[in-house]
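I opened this model to take notes on what holds its parts together and what lies at its surface. The entries follow the order in which I looked things up.

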Amino acid sequence: MIYAKCLIMKEYRVKIIGVDCPTCVYSIERELRKIKGFTEIKVDIATGEAVIKCNSDECSISKIYDAIREAGYDLYKETLVTYVNISPEQVGVLEKKIAEIKGVIEAKISSSTGLIKININPLETNREAVYNELLRKGVEIKQTPEVKVHVSDKITLITKLVAFALALTAISYSMISMLNPSISMNEEILVTLAFTVIILNYSVVKKGYKLLLMKAPGMESLIALSSTLSFIFGLAIYAGILHQTHSSNTIIHSSSFFEASAGVLGFTSLGKYLEEKLKQKALKHLEELEKASRGKARIVKNSDVVEVNAEQVNIGDIVEVKTGDMIPVDGIVIEGAGYVDESLLTGESKPVFKKAENRDYVLAGSTLINGYMKIRTTRTGEDTVIARITEGAREAQFHKPVIQKFADKVVGLLTWIVIALAIIVAVAWYILTGSISLSLLFAAAVLAVTCPCPLGIAIPMVVSIGVLNASRIGILVRRGDLFERMAKANIVIFDKTGTLTLGEPRVKQVILLNNSNEEEIMYYTCSLEARSEHKLAQSLLEYCRENKYNLSSDVSYFEYFPGMGLIGQINEHTISIGNVELANRLGVELDQRILSLINEIGSRGSTPILVSIDNKPAAIVEVSDTLRPEAPEVIKALKELGFKVGLASGDIKGIVEKFREELKLDFAEGELRPMDKAEIIQRLQSNGGRVLFIGDGVNDAIAMSTSFIGIAMGKASDIAKNSGDAILLTNDLRGILKLYDLSRKVNKLALENLIWAFIYNTTLIPIAAGALYPQYGIVLKPEWAALAMILSDITVILNSLRVGLSKAK
């Protein structure tokens with residue numbers, strides 16, 4: 001009889017963002033066909049909704065999501081963010097379990113904070129359904145770090161302290177009897193003490209066995225096995241069911257198992273509590289950022305002031321801030337003045353004076369130290385700078401360094417290996433000695449001494465603290481693997497405008513050509529530039545405002561050409577504004593005099609903007625920007641560190657060459673379009689280079705995405721910020737050097753943590769298994785093994801805290 005393999009058809013309903021033509025569907029289908037089991041896709045171009053059919057389990061929603069993104073599109077999705085109680089070794093297993101929930105696209109868990117982020121497909125499920133499914137699967141949802149329940153916390157501490165004291169009493173009582181046999185020991189006391197410790201740590205034991213039944217054992221599972229098996233074996237001896245053997249050994253006696261059971265739980269429970277407190281202290285800055293993004297705001301409405309929650313403030317609302325208040329929104333000061341503390345956001349401890357006359361900008365999360373202000377709201381909620389910093393710090397935890405991915409694989413297997421090893425140790429010692437008690441004692445010690453936690457938190461802990469420490473010095477790190485990649489970069493490329501320069505260009509002069517009239521020329525120029533977001537456009541508009549030149553609203557055509565300029569039509573006249581390349585492409589004839597003027601302006605370090613009307617040159621506008629004062633020292637320092645430093649700019653070659661000579665750059669390229677910058681980066685990286693690109697503005701987004709590392713300046717556009725791996729919030733190039741120093745320290749401590757974790761496990765596991773017993777009679781009892789394990793955990797956290805001790809130069 002021939003059996004045909006049954007193919008189970010699966011359908012996924014999704015909504016694709018960006019689909020508006022049949023060609024889009026073809027591009028997506030081409031990527032989907034690379035997935036084994038994909039059979040068909042049907043798309044409603046009008047709505048973006050699609051049905052994707054598969055006949056294999058390998059064709060999962062996560063692979064579909066990756067394929068659609070690879071094609072250049074995205075899925076409409078929602079995100080569930082919460083915190084879970086989880087051991088580092090359980091992260092990989094839990095991520096897989098969550099990915100099996102219907103409608104879940106992907107799940108990411110931070111092993112250092114317990115933060116879990118789940119992307120879901122709203123066409124197949126919703127947040128509530130996924131949340132309930134997490135509970136059904138036994139996932140312990142906990143309160144977010146910012147929520148404090150002080151009474152519960154105090155009860156927990158008292159419980160742990162009592163358990164620790166009882167465990168210490170049991171060990172001391174047992175040791176006194178062992179050292180002085182003349183003192184009779186009442187085993188009922190030890191039984192009572194050990195049982196009480198187990199009851200006080202019932203939650204730990206329950207969780208341990210629950211994880212074991214879920215086939216995702218963690219540290220709690222090893223502790224639960226070690227303590228309960230010791231207690232049960234001790235009871236069996238006490239009740240006469242089993243008889244104590246190996247009685248000649250003075251180290252092991254009938255009470256050993258009760259003291260082991262009490263000690264393992266008593267030491268580890270208090271140790272894990274202290275460890276958790278250390279973690280909270282290490283990640284406290286994130287809590288401060290989250291607190292700062294909430295709170296109250298006073299809105300001024302007519303003559304009344306109404307207090308509302310910060311999230312209820314709308315763009316355009318006037319918010320009142322008094323001395324001592326934390327500013328609840330991003331906005332512009334329209335009345336009053338005062339000193340503002342922005343240290344939480346930028347790391348700068350010195351208060352900054354802000355006043356209405358300058359229309360100064362203030363940020364949510366900063367504090368008005370002295371003064372009074374009314375602020376017009378420009379950004380609220382998730383759009384504020386502090387919300388971006390908080391979200392960036394959270395998101396960075398999910399981008400794992402290569403070395404952490406390796407450690408995660410080891411951690412996922414280690415718990416099973418330890419359980420198997422404990423069984424092997426017990427069987428081996430029983431064969432060698434015939435002693436059940438000695439065999440079980442060694443097995444319990446192996447379970448207690450081996451903990452995957454140091455391996456699991458060795459890197460995530462130091463990276464998380466590094467990310468938060470970076471925010472303290474004015475750097476938003478958006479990817480946790482940035483520190484690792486920073487150490488590997490060997491080429492630094494700067495953009496010019498807004499990066500090497502202050503990004504505040506000013507019009508120096510307008511050179512008229514062919515008997516043109518300045519007012520008319522600037523009328524056309526500024527009317528078109530008003531539609532552009534480029535920094536040079538802002539300088540032209542400022543010049544028109546200063547000279548009171550009018551603007552036209554009758555723009556019948558407008559088109560922007562990245563890296564070249566723009567063209568438009570006003571009153572049936574065609575106007576082009578930009579560089580020589582744009583003029584050449586449009587067929588504008590430029591004589592030698594005009595080209596000489598353009599080159600002369602470039603040689604002074606200024607930017608020439610050519611204005612043509614109806615394909616005839618009408619004017620050259622000279623715009624200049626100021627070099628950042630810190631730029632020369634930063635470039636010099638980078639070269640001393642071994643970096644090859646260059647410049648990639650859309651400006652004319654004369655300007656670029658002047659910057660190359662002045663700053664002693666290794667190379668400089670000018671007259672580049674956005675794609676040209678990306679091609680230069682690709683060429684360098686194909687030859688072994690690892691490019692760190694620092695830029696500002698929409699034109700740099702492609703270059704940042706292409707480069708090994710992309711860093712955006714603090715005043716960069718939103719697109720550039722989304723492309724960057726880090727953002728210099730202080731808009732100071734010295735932040736690159738601070739980030740480099742911090743990266744070296746993070747990498748060094750991460751490696752130290754990992755080496756320590758491996759050395760600890762490889763050294764103490766053999767000792768716990770009895771390697772020193774035959775020759776030296778040394779036994780590492782389970783309670784002391786547990787103490788060694790928890791001290792190893794705490795050592796890793798304390799070492800990670802050293803990241804916070806680094807001082808920016």
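**Entry 1: a disulfide between helices**

I looked up Cys526 and Cys544 in this predicted model and found that they form a disulfide, with 1.9 Å between their sulfur atoms. A disulfide is a covalent bond between the sulfur atoms of two cysteines. I noted the twist about the S-S bond as 75 degrees, which goes with a right-handed link. Cys526 lies in helix α18 (residues 518–529) and Cys544 in helix α19 (residues 535–546), so the bond ties together parts that are 18 residues apart in sequence. I also checked the cover of the pair: Cys526 and Cys544 are both buried.

**Entry 2: the other disulfide**

How many disulfides does a search of the whole structure find? I got 2. Besides the pair above, Cys54 is joined to Cys59, S to S 2.0 Å. Both Cys54 and Cys59 are buried. Counting the bonded cysteines along the chain, I wrote the pattern down as 1-2, 3-4.

**Entry 3: the chain as a whole**

I then stepped back to the protein chain, which has 809 residues, 53% of them counted as buried. I listed 29 helices and 28 strands. For contacts between residues at least 6 apart in sequence, I noted that 70% join residues at least 24 apart. The chain exposes about 36,600 Å², and 55% of this comes from carbon and sulfur atoms.

**Entry 4: Lys354**

Is Lys354 buried or exposed? I found a relative accessibility of 11%; buried means under 20%, so Lys354 counts as buried. The residue sits in strand β13 (residues 352–355). I followed the side chain of Lys354 and saw that it reaches the backbone oxygen of Tyr361 at 2.9 Å. Leaving out residues up to four places away in sequence, I listed what Lys354 touches: Val333, Ala337, Gly338, Val340, Glu342, Asp360, Tyr361, Val362 and Met373.

**Entry 5: a nonpolar patch**

I looked for nonpolar side chains at the surface and noted a patch of about 290 Å² made by Tyr339, Phe353 and Ile369. I picked Ile369 for a closer look and placed it in strand β15 (residues 367–379). Its relative accessible area is 42%, and I wrote down Ile369 as partly exposed.

**Entry 6: salt bridges**

The structure holds 28 salt bridges, and I looked up a few of them.

- I found Asp325 and Arg298 meeting through their side chains at 2.3 Å, N to O. This salt bridge links distant parts of the chain, 27 residues apart: Asp325 is in the loop between β11 (318–322) and β12 (330–341), and Arg298 is in strand β9 (residues 296–301).
- I found Glu662 and Lys658 in a salt bridge of 3.3 Å, N to O. They are 4 residues apart in helix α23 (residues 653–663), so about one helical turn separates them. I have Glu662 as partly exposed, with a relative accessible area of 44%, and Lys658 as partly exposed too, at 29%.
- I found Lys34 and Glu31 in a salt bridge of 3.3 Å, N to O. Which of these partners is buried and which is exposed? Lys34 is exposed, with a relative accessible area of 63%, whereas Glu31 counts as buried at 14%.

I also came across a network of salt bridges, in which Glu11, Glu40, Lys42 and Lys53 are linked.

**Entry 7: Ala260**

My last look-up was Ala260, placed in helix α9 (residues 256–282). Its relative accessibility is 0%, so Ala260 counts as buried. What does Ala260 touch, not counting residues up to four places away in sequence? I listed Ser230, Pro782 and Glu783. I also checked Ala260 against Leu441: the two are 181 residues apart in sequence, and their C-alpha atoms are 8.5 Å apart in space.

Technical notes:
Residues are numbered from 1 along each chain as its sequence is written. This is a predicted model: local features need pLDDT of at least 70, side-chain atom pairs count only at pLDDT 80 or more; totals for chains, interfaces and linings use all residues. Side-chain values use heavy atoms; hydrogens and water are left out. Helices (H or I, at least four residues) and strands (E, at least two) are DSSP runs, numbered from the N terminus. Buried means under 20% relative accessible area, exposed over 50%, partly exposed in between (1.4 Å probe, protein chains only). Contact means heavy atoms within 4.5 Å. Accessible areas come from the Shrake-Rupley method with a 1.4 Å probe; for residues, only the protein chains shown count as cover. A disulfide is a pair of cysteine sulfur atoms within 2.5 Å. A polar contact is a pair of N or O atoms within 3.5 Å; within protein, one must be able to donate a hydrogen and the other to accept it, and residues adjacent in sequence count only if both atoms are side-chain atoms. Patches are made of residues with over 30% relative accessible area and no salt bridge: like charges are joined within 9 Å, nonpolar side chains (Val, Leu, Ile, Met, Phe, Trp, Tyr) within 5 Å. A salt bridge is a side-chain nitrogen of Lys or Arg within 4 Å of a carboxyl oxygen of Asp or Glu.
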